[in-house]
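Subject: Structure handover

Hello,

Here is the structure we talked about handing over. Please open it alongside this message, and my notes follow below.

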Amino acid sequence: MGGASAPPPVEEKPFNFIQILCEGVIAGGAAGVVVETALYPIDTIKTRLQAARAGSQIQWKGLYSGLGGNLVGVLPASALFVGIYEPTKRKLLDMFPENLSAVAHLTAGAVGGLGSSLIRVPTEVVKQRMQTGQFRTAPDAVRLIVAKEGFRGLFAGYGSFLLRDLPFDAIQFCIYEQLRIGYKIMAKRELKDPENALIGAFAGAITGAITTPLDVLKTRLMIQGQTKQYSGIVSCAKTILREEGPGAFLKGIEPRVLWIGIGGSIFFSVLEKTKSVLAERSSRKAALVEKDE
């Protein structure tokens with residue numbers, strides 16, 4: 001009696017799968033294309049370092065070799081990854097208690113990586129064969145790989161790709177999301193663009209360094225073609241260890257950490273900015289619809 005009435009409960013936005021999926025697809029595609037175009041030369045150097053046997057010379061020409069064909073695969077692969085990741089993450093965060101948010105991020109990253117691997121693996125095979133000078137154009141690469149090795153040739157190293165990319169995607173997105181949560185709690189506000197970029201760079205660099213040995217295995221398996229020097233992941237690891245020593249598993253770590261660190265900075269900046277712009281646009285549309293009603 002006479003007391004102030006309790007404030008009305010905050011109405012939670014319903015889970016809109018289609019909207020989250022579409023926004024994720026657009027944001028992921030934009031971020032993937034920007035990163036790939038900006039950092040492709042560093043990726044080419046990394047691939048050539050990993051492909052080189054002891055005493056081989058690194059070729060410094062044609063650092064953008066295969067970019068056009070690669071973007072044809074990167075755009076849908078990045079779009080598909082984030083398109084799967086975002087709704088999966090939201091659903092898992094609703095299901096799990098707050099103290100298990102890291103599990104939700106890890107799982108969503110792995111699920112997104114698994115789904116997008118169907119596009120990413122053939123794209124990566126063609127890209128790395130071109131980066132190492134085996135083919136001049138992407139259409140030639142696809143045609144000749146299928147002619148000589150069958151359709152399975154486009155999925156060479158698929159197991160090693162999953163071995164590298166599922167942990168990579170899970171760890172990178174988990175580190176990024178957990179750091180953002182912690183930073184927002186400390187700052188008591190939404191993050192600014194440079195802060196998202198810095199957290200993205202840190203998450204990318206750490207994850208890139210941890211997964212370098214897996215990346216070396218994936219590169220060797222993908223570029224071997226018909227030589228079949230390695231029969232699988234274990235065979236590849238044993239051969240590298242026997243012929244080149246344990247140090248070979250860290251080949252290309254410097255450009256890889258640089259590439260993924262800068263790439264993480266750009267990717268997450270573009271991703272968050274695009275998501276923010278799309279969310280604002282959706283809010284404005286919703287407000288206009290309510291006004292009209």
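I start with one contact: Lys251 and Glu244 pair through their side chains in a salt bridge, 3.2 Å from N to O. A salt bridge here is a side-chain nitrogen of Lys or Arg within 4 Å of a carboxyl oxygen of Asp or Glu. Glu244 is partly exposed, at 22% relative accessible area. The burial classes are: buried under 20% relative accessible area, exposed over 50%, partly exposed in between (1.4 Å probe, protein chains only).

Before you go further, note that this is a predicted model: local features need pLDDT of at least 70, side-chain atom pairs count only at pLDDT 80 or more, and totals for chains, interfaces and linings use all residues. Residues are numbered from 1 along each chain as its sequence is written, and side-chain values use heavy atoms, with hydrogens and water left out.

**Salt bridges**

The whole structure holds 23 salt bridges. One of them joins the side chains of Lys46 and Asp215, at 3.1 Å from N to O. This pair links distant parts of the chain: Lys46 sits in helix α1 (residues 17-51) and Asp215 in helix α7 (residues 212-223), 169 residues apart. Lys46 and Asp215 are both buried.

Helix α7 also carries Lys218, which is linked to Glu124 in helix α3 (residues 101-131), 94 residues apart. Their closest N and O atoms are 2.7 Å apart in this salt bridge. Lys218 is buried, at 0% relative accessibility. Glu124 is buried too, at 10%.

Which residues do shared partners join into one salt-bridge network? They are Asp43, Lys46, Arg120, Glu124, Lys127, Arg164, Asp165, Asp169, Asp215, Lys218 and Arg256.

**Overall build**

The protein chain has nine helices and zero strands. Helices (H or I, at least four residues) and strands (E, at least two) are DSSP runs, numbered from the N terminus. The C-alpha atoms fill a box of roughly 85 × 40 × 30 Å along the principal axes. Of the 293 residues, 45% count as buried.

**Two bent helices**

Helix α1 has 35 residues, but its end C-alpha atoms are only 42 Å apart. A straight helix would reach 51 Å at 1.5 Å a residue. The expected span is 1.5 Å times one less than the number of residues. α1 bends by about 65° at Leu39, and the proline Pro41 follows within four residues. The bend at a residue is the angle between axes fitted to the seven residues ending there and the seven starting there.

Helix α2 (residues 67-95) has 29 residues and spans 40 Å from first C-alpha to last, close to the expected 42 Å. α2 has a kink of about 25° at Gly73, shortly before the proline Pro76.

**Surface patch**

Leu179, Phe202, Ile206 and Ile210 form a nonpolar surface patch, with about 350 Å² of accessible area together. Patches are made of residues with over 30% relative accessible area and no salt bridge; like charges are joined within 9 Å, nonpolar side chains (Val, Leu, Ile, Met, Phe, Trp, Tyr) within 5 Å. Accessible areas come from the Shrake-Rupley method with a 1.4 Å probe; for residues, only the protein chains shown count as cover.

Helix α6 (residues 193-210) gives the largest share of the patch, three residues. Phe202 lies in α6 and is partly exposed, at 46% relative accessible area.

**Loops**

Leu154 lies in the loop between α4 (138-149) and α5 (158-187). Leu154 is buried, at 8% relative accessible area. Its C-alpha atom is 7.4 Å from that of Val142, twelve residues apart along the chain.

Lys188 is in the loop between α5 and α6. Is Lys188 buried or exposed? Lys188 is exposed, at 75% relative accessible area. Its phi is near 55°, a positive value in a residue other than glycine. Most residues other than glycine have a negative phi.

**Cysteines**

How many disulfides does a search of the whole structure find? Zero. A disulfide is a pair of cysteine sulfur atoms within 2.5 Å. Cys174 is buried at 11% relative accessible area, and Cys236 is buried at 0%.

Best wishes
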